Amino acid sequence: MSSLLPGPNSLVPFVSVDDMMRLLIDIGTERMLCELADAIEEDFRRWELFDKTPRVAAHSEKGVIELMPTSDGEAYGFKYVNGHPQNTRSGRQTVTAFGVLADVETGYPLLLSEMTLLTALRTAATSAMVAKHLMPKNAHTMAMIGNGAQAEFQTLAFKAVCGIQRVQLFDIDRHATAKVARNLEGYGLEVISCQTAEEAVQGAEIITTCTADKQYATILSDNMVGAGVHINAIGGDCPGKTELHRDILTRSDIFVEYPEQTRIEGEIQQLDADHPVTEVWQVILGRAAGRTSDSQITLFDSVGFATEDFSALRYVRKQLKTRPFFTNIDLLADPDDPRDLFGMVARKEQKLVQGLV
Ligand SMILES: NC(=O)c1ccc[n+]([C@@H]2O[C@H](COP(=O)([O-])OP(=O)(O)OC[C@H]3O[C@@H](n4cnc5c(N)ncnc54)[C@H](O)[C@@H]3O)[C@@H](O)[C@H]2O)c1
């Protein structure tokens, strides 16, 4: 007799937001950020293996919806992500996401996961991993400009991976700054709330800009950036959406994830299409120079690339082997005879009519 229960090939592990929170709490935020940074770095070392394409973006007046696919030949991953800076006014997140990891051999999904939290974690882990290669030696203070959803994750990643001891916060909304200051209590960081962006960058060896505005903004002007600083620019990640004054870019050595995507979305959209940039994977592999002098300004023009999400999904899937923070969901049709998809529905209908299910 054919079973009407989900077949063995129908179930896919699903990590809900609740599961992701439990996973994060179980592992510990700083440890998970460090382990994610390692997983992301490991995949940057395999950069040449990956299928790469700029993400597919659907722009509208209020924001953007993007698909971010990649594959290493064995697994395939994609993320659905949006960016809507005005969403917080209606109680929604600026950025939400979910994603899939699949088996290339069969095309079957291996994991479906929430990725709103995972994006914040992977973005922070990527920023800190890249900074580890570029920041000035013994940096201990970071300015954190933009104190929204990403801010605590960014700060804790820089503490855990780069050894930052002090963070200087600024946001145009003082409630956002107060929220970050409160959330960071007990993490062993010196947290300073500032009244202006100028005050926040004073004495900081690392400057992170993580604001959301769907237009060209000038979060940092040229006079605010001194010699030797590392800039981690997160918020400029769409055509027409940037954070840094152009003059900062021409004084900096610029490091990017995937130039083909960053030239469309990053700070460097303000520059000529052939302006020299260095790819992060080349620095990680020692094929290109990172920081070469104490006075150099290094700029990570981060937009977020598909391999970082792939690494994060791969990491989460590995954790689920020993941590039960997922539910198997009936996602894939699995008829007894693979070609009898129609018959599966007919048998279901029969059982429904007979009141057996
Ligand atoms: N590069 C990446 O991989 C990546 C990943 C995730 C998010 N992002 C981007 O990071 C940015 C922040 O994301 P979020 O989820 O934290 O958004 P959010 O809306 O939660 O927070 C943004 C904060 O920026 C503040 N802000 C806006 N304009 C400002 C200004 N001129 N000066 C100081 N603060 C200002 C807002 O008040 C808000 O608190 C977004 O632009 C998002 O698209 C990038």
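**Close-up views of a predicted model**

**View 1. Val56 and its partner across the strands.** Val56 stands opposite Leu67, a residue of strand S3. The model shown here and in the other views is predicted. Strand S2 covers residues 56-59, and its pairing with S3 is antiparallel, with four bridges. The link from S2 to S3 is a hairpin of four residues.

**View 2. Strand S3 and its second neighbour, S4.** Strand S4 spans residues 75-83 and runs antiparallel to S3, to which eight bridges join it. Leu67, the residue that faces Val56 in S2, also stands opposite Tyr80 of S4. S3 and S4 form a hairpin with three residues between the strands. In this hairpin Gly73 has a positive phi, near 95 degrees.

**View 3. The two faces of strand S3.** In a regular strand, side chains alternate between the two faces of the sheet. S3 runs from residue 64 to residue 71. Its covered face carries Val64, Glu66, Met68 and Thr70. The uncovered face carries Ile65, Leu67, Pro69 and Ser71. Leu67, seen in the two views above opposite Val56 and Tyr80, therefore belongs to the uncovered face in the alternation that is general for regular strands.

**View 4. The surroundings of Val100.** Val100 is part of strand S5, which takes in residues 97-103. Is Val100 buried or exposed? Val100 counts as buried because 20 C-beta neighbours lie inside 10 Å, and the cut-off for a buried residue is 20 or more. Leaving aside residues up to four places away in sequence, Val100 touches Gly77, Phe78, Pro109, Leu111 and Leu112. Of these contacts, Gly77 and Phe78 fall within the residue range 75-83 of S4. Between Val100 and Glu114 there are 9.0 Å from C-alpha to C-alpha, and the two are 14 residues apart in sequence.

**View 5. Where domain 1 meets domain 2.** The domain assignment of the protein chain gives domain 1 as 11-117 + 308-350 and domain 2 as 130-304. Their C-alpha centres are 27 Å apart. Domain 1 puts 20 residues into the contact, and domain 2 puts in 21 residues. Which element supplies the largest share of the side of domain 1 that touches domain 2? Helix H2, residues 29-45, does so with eight residues. By type, the residues on this side of domain 1 comprise nine nonpolar, five polar and six charged.

Methods. Residues numbered from 1 in each chain as written. Predicted model: local features only at pLDDT ≥ 70, side-chain atom pairs only at ≥ 80, totals over all residues. Buried ≥ 20, exposed ≤ 12 C-beta atoms within 10 Å, placed from the backbone. Pairing = 2+ DSSP bridges. Contact = placed C-beta atoms within 7 Å. Domains from an automatic or database assignment. Nonpolar A, V, L, I, M, F, W, Y, C, P; charged D, E, K, R; others polar.
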